[in-house]
Amino acid sequence: MTRLEIIANNTVEEDIQDALKKIEADFGYTRLNNVHGRGHSDPKEGNAVWPEENFVYIIYAEDHKAMEFVDSLRQLKEKFTKEGVKIFALPYVSPVEL
C-alpha cells in the first residue's frame with residue numbers, strides 16, 4: 001500500500017482528475033482546500049499579492065495502482081510545465097490505535 005500526496009494549483013484540478021480517472025474511474029481521495037505555500041514557483045497565498053491557491057489530494061492505493069497514478073501524472077506534468085504539480089509517494093504505515 002502507498003500513500004500519494006498530490007499538490008497542485010487549483011487551475012489544473014480537472015486535468016488531474018481526468019488523468020487519475022483513466023487509471024481508476026472511482027478512485028478514493030481526500031481533498032485539502034485552500035492550501036497556501038511556496039515550492040519552486042511563485043507563492044500561492046490566496047491574497048491580493050499572490051492570489052492563486054493550491055489543493056492537496058491524499059490517496060491510498062495498492063503499490064502497482066499508485067505507480068500507475070504517478071506515471072499518469074508525469075505525463076500530465078509534461079503538458080503543464082509552468083504549473084506546480086507535485087506528487088509524493090510514501091509507504092503506507094498502519095494507523096496507530098488510540
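Is Lys-79 buried or exposed in this predicted model? With a relative accessible area of 59%, Lys-79 is exposed. The legends below begin with this residue.

**Figure 1. Close-up of the salt bridge between Lys-79 and Asp-15.** The two side chains meet with a nitrogen-to-oxygen distance of 3.7 Å. Lys-79 belongs to helix 2 (residues 63-79) and Asp-15 to helix 1, and the pair links distant parts of the chain, 64 residues apart. The two partners fall into separate accessibility classes: Lys-79 is exposed at 59% relative accessible area, whereas Asp-15 is partly exposed at 24%. This contact is part of a count of 4 salt bridges in the model.

**Figure 2. Close-up of the salt bridge between Arg-31 and Glu-13.** The closest N and O atoms of this pair are 2.8 Å apart. Arg-31 lies in strand 2 (residues 30-35) and Glu-13 in helix 1 (residues 13-23), so the salt bridge ties together parts that are 18 residues apart in sequence. Arg-31 is partly exposed, its relative accessibility being 27%. Glu-13, by contrast, has a relative accessible area of 18% and is buried; the cut-off for that class is under 20%. Glu-13 is also listed among the buried residues of helix 1, which are the subject of Figure 4.

**Figure 3. Close-up of the salt bridge between Arg-3 and Glu-5.** The closest N and O atoms of Arg-3 and Glu-5 are separated by 2.8 Å. Arg-3 is partly exposed, with 23% relative accessible area.

**Figure 4. Close-up of the buried and exposed sides of helix 1.** The buried residues of this helix are Glu-13, Ile-16, Gln-17, Ala-19 and Leu-20. They span an arc of only 165° around the axis, which places them on the same side of helix 1. In general, an α-helix has 3.6 residues a turn, so residues three or four places apart point the same way. The buried residues of helix 1 pack against strand 1 (2-9), strand 2, strand 3, helix 2 and strand 4. Glu-14 and Lys-22 are exposed on the other side of the helix.

**Figure 5. Close-up of Lys-22 in helix 1.** Lys-22 has a relative accessibility of 73% and counts as exposed. The view also includes Glu-68, whose C-alpha atom is 9.8 Å from that of Lys-22. Along the chain, Lys-22 and Glu-68 are 46 residues apart.

**Figure 6. Close-up of Lys-65 in helix 2.** Leaving aside residues up to four places away in sequence, Lys-65 touches Ile-23 and Glu-24. Asn-9 gives a further reference point for Lys-65: the C-alpha atoms of the two residues are 23 Å apart in space, and the residues are 56 apart in sequence.

**Figure 7. Close-up of the aromatic pair Tyr-60 and Tyr-92.** The two rings are arranged edge-to-face, with 5.6 Å from centre to centre and 85° between the planes. For the edge-to-face class, the angle between planes must be over 60 degrees. Tyr-60 lies in strand 3 (residues 54-61) and Tyr-92 in the segment after strand 4 (85-91), so the pair ties together parts that are 32 residues apart in sequence. Tyr-60 is partly exposed, at 43% relative accessibility, and Tyr-92 is also partly exposed, at 35%. Together with Met-1, the two tyrosines form a nonpolar patch on the surface, with about 290 Å² of accessible area for Met-1, Tyr-60 and Tyr-92 together.

**Figure 8. Close-up of the aromatic cluster.** Phe-27, Tyr-29, Phe-55, Tyr-57 and Phe-69 form one cluster of aromatic residues. The count for the model comes to 5 aromatic pairs, and the pair of Tyr-60 and Tyr-92 in Figure 7 is one of them.

**Figure 9. Close-up of the backbone at Asn-34 in strand 2.** The phi angle of Asn-34 is near 50°, a positive value in a residue other than glycine. Most residues other than glycine have a negative phi.

Technical notes. Residues numbered from 1 in each chain as written. Predicted model: local features only at pLDDT ≥ 70, side-chain atom pairs only at ≥ 80, totals over all residues. Heavy atoms only, no water. Phe/Tyr/Trp six-rings, centres within 6.5 Å; stacked < 30°, edge-to-face > 60°. Helix = DSSP H or I, 4+ residues; strand = E, 2+ residues; numbered from the N terminus. Buried < 20%, exposed > 50% of the residue type's maximum accessible area, 1.4 Å probe, protein only. Patch = residues over 30% accessible without salt bridge, like charges linked within 9 Å, V, L, I, M, F, W, Y side chains within 5 Å. Areas by Shrake-Rupley, 256 points an atom, 1.4 Å probe, with all protein chains shown as cover. Arc of directions from axis to C-beta. Contact = heavy atoms within 4.5 Å.
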